[in-house]
Every structure is written in C-alpha cells, then in structure tokens.
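Biologist: Could you take me closely through one part of this protein, namely its cysteines and the nonpolar core, and set that part against the rest of the chain?

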Amino acid sequence: MNTLQRHRFTAQTWLLAVVVVLAVIATVLYWRSPWRGLPYQDSFNAGKTSEWTPYAGNWSLTNGGIRNDSNERGAKLITGSPFWRDYSVEADMELLGEGGDAGLMIRASDIEHGVDSYNGYYAGLRTADQSLVLGRAEHGWIEFPPAKMPGGIRPGRWYHLKLGAFGCNISVSAQEIGRNNAQTITAHDPNCFHSGKIGLRSMVAGGVWRNVHAERLSNAEAAVLTSAKSPAQMMVYPTNQGTMIVPENHLQAAPEAPRGPFVPIHELRLFPVTRPVHVAVRGTVILTDPLYVQDSSGGVEVVLRDRTLLRVGDEVEVEGDVYPEGLIAVIRNATARPSGGMAPRPPLSVTADQAATGAYHAMFLEVEGTLQNKTSISDGMDVLELRDGLQVFRALPASLTVSDAFRKLEKKSLVRLRGVCLVDAAHTQNAVPFALLVSSPEDVKVLVGPPWWSADHLIALALIMLAAGYFVHFLYSRAEQWRLRAVIDERERLAHEIHDTLAQSFAGIGFQLRAIRNRISKNSGPPDKPALLEELDRAAELVRHSHDEARRSITTLRPDATEAGGLIAALEQIALQMVGRHAVQIETSVEGEARPIPLRVLDCLFRIGQESIANAIQHGHPSRLIIRAVYHPAEITLVIEDNGNGFVPRHESDGFGLTAMRQRAESIGGSLTIDTAPGRGTRIEAHAPAPPEKHRLLRLAYDEEKHVQ
C-alpha cells in the first residue's frame, strides 16, 4: 500500500467514523425526543398488551379494554417513553368496587412495586368521598384539594378522564359518559416533574380501562393551562385511604342473605349426582373470569346467573345449585353477595405430585416445573408443558396478556407458576393429571434460565466461531497483502533509486573510460599526457560521485539517518557537475523560512530535482536554469525551471524518468506538475507535505514571550 493509498484509506476511515458518530448522535436525539411515540393509542382491541408493564395487580383483557380485578393497594400498568414532556392522556374508565379509587398516571418515573412507589402525577375517581382527586407521588403521596363530582361516583358506570400537563401546570377533567356529571381540577406544582411515562392505577377498588390515548397538547390546551386563574398550589392534604367511607345514598341494596348454613366447599363433591342441590358457601374470590371461590377446605367454580362486580380478594357468599362431576363440583345458577374485602389469598405451595392427586382442584396453588414445550391453541394463546421430576402438567393462560408472558419463556427454564389447579378433562384433555390456569403475568417467575449448552446455543456458538475465524483470516490476508505491497513498493523505489543514481554514474564512468581507450588507440605516437590526465580526473570524479550517491541511498534506508547539507546547495552542486564547460547560468533561491523536513521527503525532492536537472541539460539545452525552494506553513515546493527547448507533454507516453518522478511525489503524499511547451522551456514543481515541528513552534512562542517581557 503506497502513501497515497494509505492517505485515502485514512480519509475513508475518518469519514466512516464521522458518519457513525453522527448516526449515534441522531439515534440518541431521536430516542430522547419528547415526542417519539406520540400520539399513542392502546391496542387492547387487537388483544395486545406487550408494550405495557404491570406492577402488581391482576390485569387481563376484556371486551376491548384492560381489567384489574385485584383489590391490591396501588396496582399499576405502565407504558410510554420516559422523555415525554408536555402531553395529555385520556381514557374511559369503570370502577369495580367501593372504598377505593382508580384513574390515570402521567409523567411517571422511578416506578416500583408498592403504594405510591413512583415519581409522577395521578388523577382518578374516589368512591370514599365521591371526589375527583389529583396529586403528586414521590414515593409518598401529596394531594391537591379534591373536587366533588356533582352526581357522585358509582361502580359499574363509565367515566371519561383526561389528564394533561404543560410545564408545571397540571389539569384533569372527568365526565360521566351519558350524564351531565363533570368536574375539573387545575393545579400548579412549583417543583414539578418534567417528563415521564403514562399509566393506569387502581387503589383497592379495581377497574376497567379502554380507549387509552396520549398525544401532544394543542396550542389552545397549552394556553388554557398556562393562563389558568389562580391555580391551586401543592399542599399536603391528608386522606383516609385506609378507612372505607361510603355515603348512605351510595350504598346499593344487597341481595338477601342465603338461607341455611354455609357448606364447606370440599363437601360439595359428596352431594348426589342425580339431582342438583341448592347450597350456600362462603369463600374468597381467587379468579374472576371464570369465577373461582376458595375457602380453607377447597375451591369451586361458580357460574353466576347475573353479572356481578367482583375482584380478586373479595370475600363473597355464594348461593346456587351444586353439580358434582366425579372428583369436582360446579355451582350453577348462582348469586354472589360481597361480604367484605381482604388481601388476595396467598397461593398454597405444593409439588406437582401433590397437585396431581386431585385434592387441590379449584384452589390457588404455586407449583414449580421445567418448561418442556410450548404449543399454540386455536385462539392464538400459548400453552406450556412443564415437568417436575417424573410428573408432567400444563399451564393455561387466562388472557392474552398471560399468553404474551408465556411466549417470552425459553425452553428448559425452571419456572414458578401461580394459578388455579384444574383436574377436569375440559382443561387437561386427559393428557396430563392437572393444569394450572394462570390469570396474571406476575404469576409467572423464571427461577433459572435455560442452560447455555443447548443444541441451539452450541450451533450458534459454532457459527460465531466460524465467522470470527473467517474474519481473522480475512484480516490476516489483507495484512499480508499490505506487507507484500509495501515490499514491492520499496523494491520499485530502490529500482528508481539505482536508475537515477548509480546507473547514470556508471554510464558516465564507462563513457569516460571508452574515451580514454579511444584516445590511446588512435594516437600512434606518444600519448597526450595532459589530455589523458584530464580524462582520468573526470573518471575519478564520476567514481567519487557514484560513491556519494551510494552512500546517500544507504543513509536513506537507515532509521537513524540524518541529513547534513541543504537541499538547494546539493542540487546546485549536481547542476554544476552536469553543466561542466557549457555556458549555462544557474540561479538558486530559497523563499520562506527554511526548516528541517523529514529525511524521506528530503530524499524524494532531491531525486526529483536531480532527474529534472539532468533532463533539462541533456534534452532542453538551456542557457538559464533556476532552482528554487518555497517553504509554506505545511508544505514545501521545489521548482526547477529552464528556458530550453521544451517538449509536448503526454502523460501516457512519459519516459521512465518522468514516471519515476511522479511516483516519488505520490509516495510522500505530494504531487508533481509539469508546465512546458515546444520553444518556451519547462517548469517542474514538486509539492510535498512538510508540517512545522512542534518543538520549534514552542521555542518560537517562548522566545516571543521572553522578548515581550
């Protein structure tokens, strides 16, 4: 690789680096853009929740919306970009129960599990005081003064909420769909959060959300927020979220208490199968769709007669007809009356062998197993097949959200699952002894990932190693080619060196020796002693000159070589030797401030000047020869000019000497220009890089500073 190619390669490398840096900067700016991803519209209608992240709760898709039927404190579902700034989010929302609240989050960040464990703003509807609430969470809760909803708040009704933020001004509006029941809060937070994600949140009550939409605030909306009159200042507003305050006019008439004593659920299997028996049971809701209720003795599936708003963790009294079916029982035509709220029942941890006995049917269990296979069923959901020792069982998703979590699991992973144990043929397909019906992505936990030495990983590793080997071989081959190219270039340079120096000198010596021989052979008398001595002196001078040229070439090849003489003085000496007795006027000059230049550059310029002088004297027959060096700040120019015959420049037909001169100039990153024409002489300019020395510049600066002082 010659110097020009190396410079070109370096330029291309720098250009590629600049392009990569600009691409990285553009990517970072796009990624951190406050408008990337806006406007946003949920995909609940399409059965997708992959962009949402749950923090507690029991989230599932239902009728084009997302439902959390858990009465946990502070269940959250989050999506969006942490860099969103001035925007609004709105949704239709339905509360599922009393004594709590549900609503929307905005500018949320630093999100964790737990009540108010995030930074951001929350607005929602609260049944305890029938109010629209707006507040700030900073891993704690600070609330703006709430506003009463004129028509109250009822579970089972749909409300439209819109929460927006511009700068440090926050606004929320609520409208009961189909009714003239609306309220608005506008507030100002001096130490506001400036950016964050959006989210859905419920507190004890549970809820259903649909048509979740986020977008940039319009100019009109931003102007309304900015010019709001006397916005409420942030203040600590105590709330009594732990106590369920329900106004008298808000209580709904409860169904009559079931007749007769409550039956333990495990005894339902002992009822006769010939006719249904009307029974009453009491337990805790462990799954809402389908509905499963569990007490301390067991669990049962309940088929309700009418729609009832229930949440996971609700304590209910169920009345209906029991239908025993072998080892299981189902209560049909049932009514359910909530009798209180409590924390969701913790799962009972058992082994797969214990669950396979059938004693835990319809109970909330926790089972571990190694994932063996994943299969898709007709509705697009994934079913897991797991193994615990010798026992094989299945995991069924209760919603598409859980199916998405199943899809992310890798085979051979050790997984802990929580769900309702089912042993009926409708769920097991008579292929496994039991199946777990999993209702939430949070009930899926990977304990140990798959081993890295799986067949797929080994194949991938082998392919990576092959690719790496090929890449190393490619680099080695290219490096070897560059080395060989450098050797060839150096050989070519040495060939030009020998041609320009030793070959020409030896030719001159031979010419002088032949002249002496001819003079001796032609004279029959005594030899012309003075003439012979003159010829011998010339031959000796050529031998000395050849010796100097050889020494110069050897010196150039040495890494510690130094140059004692000046460039122009050396070229002037060469010109005087070549001119001899011819009447040629030689003029030399140096323009600019002379400075040391690299030895390789100096040698190339000397060879170019030597060849130019030789060509001018031998072919141009000039009467005047100008040799000039011009020092520029980062370049040196050598000019050889004569007033000889000139010639017609033809680049494609240049002789070996002109070609060698061009190659020499290119080898040091320079250039060669030839200006000539028949009858008006020749001007040759060789341009070479010669940056100033750092130490010299520092010395000049020091001298100048000292002079000023």
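Modeller: What follows begins with the protein as a whole, turns to the disulfide, and then moves on to the cores and a patch on the surface. The model is predicted, and its secondary structure comes to 11 helices and 34 strands. Of the 709 residues in the protein, 43% are buried, and among contacts between residues at least 6 apart in sequence, 68% join residues at least 24 apart.

A search of the whole structure finds one disulfide, which joins Cys168 to Cys192 with an S to S distance of 2.0 Å. The angle about the S-S bond is -50°, and the link of Cys168 and Cys192 is left-handed. Cys168 lies in the loop between strand S12 (158-166) and strand S13 (169-176), whereas Cys192 lies in the loop between strand S14 (182-188) and strand S15 (197-203), so the disulfide ties together parts that are 24 residues apart in sequence. Both Cys168 and Cys192 are buried. Two further cysteines can be placed in the same terms, since buried means under 20% relative accessible area: Cys421 counts as buried because its relative accessibility is 0%, and Cys604 is buried with a relative accessible area of 3%.

The largest nonpolar core holds 45 residues, of which Leu125, Leu134, Leu163, Leu200 and Trp209 touch the most other members. Strand S6 (residues 87-95) gives this core its largest share, five residues. Looking at Leu200 in particular, and leaving aside its neighbours within four places in sequence, one finds contacts with Trp52, Trp59, Ile66, Ala75, Lys76, Leu77, Gly103, Leu104, Met105, Trp209 and Val212. Trp209 thus appears among the contacts of Leu200 and also among the residues that touch the most other members of the core. Apart from this core lies another, of 35 residues, which includes Ala570, Ile597, Leu638 and Ile668. In soluble globular proteins, nonpolar side chains tend to be buried together.

On the surface, the protein exposes about 36900 Å², with carbon and sulfur atoms supplying 57% of it. A nonpolar surface patch of about 460 Å² is made by Val18, Val21, Leu22, Ile25 and Leu29. Leu29, which belongs to helix H1 (residues 3-31), counts as exposed because its relative accessible area is 58%, whereas Cys168 and Cys192 of the disulfide are buried.

Technical notes
Residues numbered from 1 in each chain as written. Predicted model: local features only at pLDDT ≥ 70, side-chain atom pairs only at ≥ 80, totals over all residues. Heavy atoms only, no water. Core = buried A, V, L, I, M, F, W, Y, C linked by side-chain atoms within 4.5 Å. Buried < 20%, exposed > 50% of the residue type's maximum accessible area, 1.4 Å probe, protein only. Helix = DSSP H or I, 4+ residues; strand = E, 2+ residues; numbered from the N terminus. Contact = heavy atoms within 4.5 Å. Areas by Shrake-Rupley, 256 points an atom, 1.4 Å probe, with all protein chains shown as cover. Disulfide = S-S within 2.5 Å. Patch = residues over 30% accessible without salt bridge, like charges linked within 9 Å, V, L, I, M, F, W, Y side chains within 5 Å. Salt bridge = Lys/Arg side-chain N within 4 Å of Asp/Glu carboxyl O.
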